[in-house]
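Thanks for making the time, everyone. I would like to take you through the cysteine pairs first and then through the packing of the interior.

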Amino acid sequence: MPHRFAQTGLRLLCIIVLCAGLIRPDAAFSQADIPAETRLGDQLAIMVGPQDMPPQSRIALAPPPPLQSALPMAQIEAVMARVVQNMVADWPVKPRILAGSADLRSTLALVQGRQGHEAWRQTVDATLRQEAEFVLVAETGIGEGHVTLRLTLVALEDGRVLAKTRDVAIDAPTSSPVASPRQAITAAINEFQQTVPAARAQITIGPFVNERSGIETPLGRGLADMAVEAWLTTAQSVTAMLRDASPPVVTRGAPPQSGFFLAGTVRLVNRDQFQLILRLSNGQNLWATRTLALSALHLPPALRASLDPNFATDQTLLEQLQSWSNGAGPAGMDMQVLGGTPSGFISCKTPDFSDLHNSCPNSLIQLVITSDTPGALVCFSLDDTGVFSLILPNAYAASPWVSVGQSLILPDSLPPLPDGTRVFWPAMGPPSQTLVSCLLFEHPEQSPTQTLTEIDGAVLRGSKAQSFLGILTDSAPIGSVAQSVEIID
């Protein structure tokens, strides 16, 4: 008995020593040292065995559609094929691996999502099951600066998910964050034009959308504008060296039926960093991709708000606009709101607008604006329900000019209406908290009047609200001021 105990103790000691040797830092292998194909194959092998697949089974590979992938489809398909080979390395009878199709994954998802499981089965019976009994579906993403791959193995007979892997990095880390998005985009586009010279002459640059919402926020629009500028600059430098080369043609819009297309996806990493995934394609062919790691610290607040959905959740649109309006631009401005009652401006309900001065005396709003810098004014209002109204300029009055030292009184300083009637501004509509704001521009044509006219009367919520803030920020006024007024019954 003592002898057996001694042997057991000796074995236990050997195991402890062996384990200690295995976890020594200089001898250990991290997960990063193991090839991505091996890690993914090991995950599948744990969940799927030979008993799950009849002999001579066929596995179809379904990489992500080209424009939804962070890497070229051929590269992902090659990784997927090696993963399956690793999974079945010890199987006595190995399944056949069929070439992938990007349409396969999208077809499966579209049919099942729109028409239900029965329609999905009919589609499988009519097309896919004639070629394969199983499908390996791939999804790519970005995690900690890497392009990641996740695989799902599905039985086509009944739609069962046999296995789903975790995200595994399949490339080297993306570049370190840089301070200038413009420089990074220019460098990437320069690489695109060198890699795919045929794209230099003509390109359509599409929306640069937020990954979560699928909407082009003001940040995406700004990045896309940088891409347009970079493409023209880079291509024209090549044109200058080629005697017979025509100037490049760069347009914005949806993917063309034929021709090269540059799309962008903005992905939030944290409050200080974001990634821009650029994809150069021609039809269904993905020619090149670049993942840029960029710094958000140098972005204006309105653009950061459109990047990070949590950035401005503690503020309403009115609060964001109030914060932005007071101090946007170097000019010093002041606004006083005159009229109304101590409780606010009473909503005017008279049908006779020819006698507003007598019928709604406590509804008439006047603005007294001063500025230490001359310029043209654009004034608007936004209430607490998000309704936007452009006040100036309008169909009857251009942008008024404010001079240094002048107290501009509005609407008194505006010209009369075509019939000679004096202009009044009555508070109308339901009770609300309303912000009245005026922006100052060196010249009237520098103001975003046309864009603001298009959204006059619109309700600004969600992405529209952030887009509106982006419009104001991008217009770069030399001064701004705002005051809150209360409209009551």
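Let me begin with the link of C348 and C360, which is right-handed, with 70 degrees about the S-S bond. Please keep in mind that we are looking at a predicted model. The sulfur atoms of C348 and C360 are 2.0 Å apart, and the pair links distant parts of the chain, with C348 in the loop between β13 and α9 and C360, twelve residues apart from it, in the loop between α9 and β14. Both C348 and C360 are buried.

The count comes to two disulfides, and the other one joins C379 to C438, with an S to S distance of 2.1 Å. The torsion about the S-S bond of C379 and C438 is about 110 degrees, so this disulfide is right-handed. Because C379 lies in strand β15 and C438 in strand β19, the pair ties together parts that are 59 residues apart in sequence. C379 is buried, as is C438, and with bonded cysteines counted along the chain the pattern reads 1-2, 3-4.

Now to the interior. The largest nonpolar core has 30 residues, and those touching the most other members are I185, F208, L223, W231, L262, L276 and L280. Several elements supply at least two residues each, including α5, β7 and β9, while α6 gives the most, with nine residues. If we leave out residues up to four places away in sequence, I185 touches L223, M226, A227, A230, L276 and L292. Apart from this core lies another, of 28 residues, among them A36, V84, W91 and V147.

Key:
Residues numbered from 1 in each chain as written. Predicted model: local features only at pLDDT ≥ 70, side-chain atom pairs only at ≥ 80, totals over all residues. Heavy atoms only, no water. Core = buried A, V, L, I, M, F, W, Y, C linked by side-chain atoms within 4.5 Å. Buried < 20%, exposed > 50% of the residue type's maximum accessible area, 1.4 Å probe, protein only. Helix = DSSP H or I, 4+ residues; strand = E, 2+ residues; numbered from the N terminus. Contact = heavy atoms within 4.5 Å. Disulfide = S-S within 2.5 Å.
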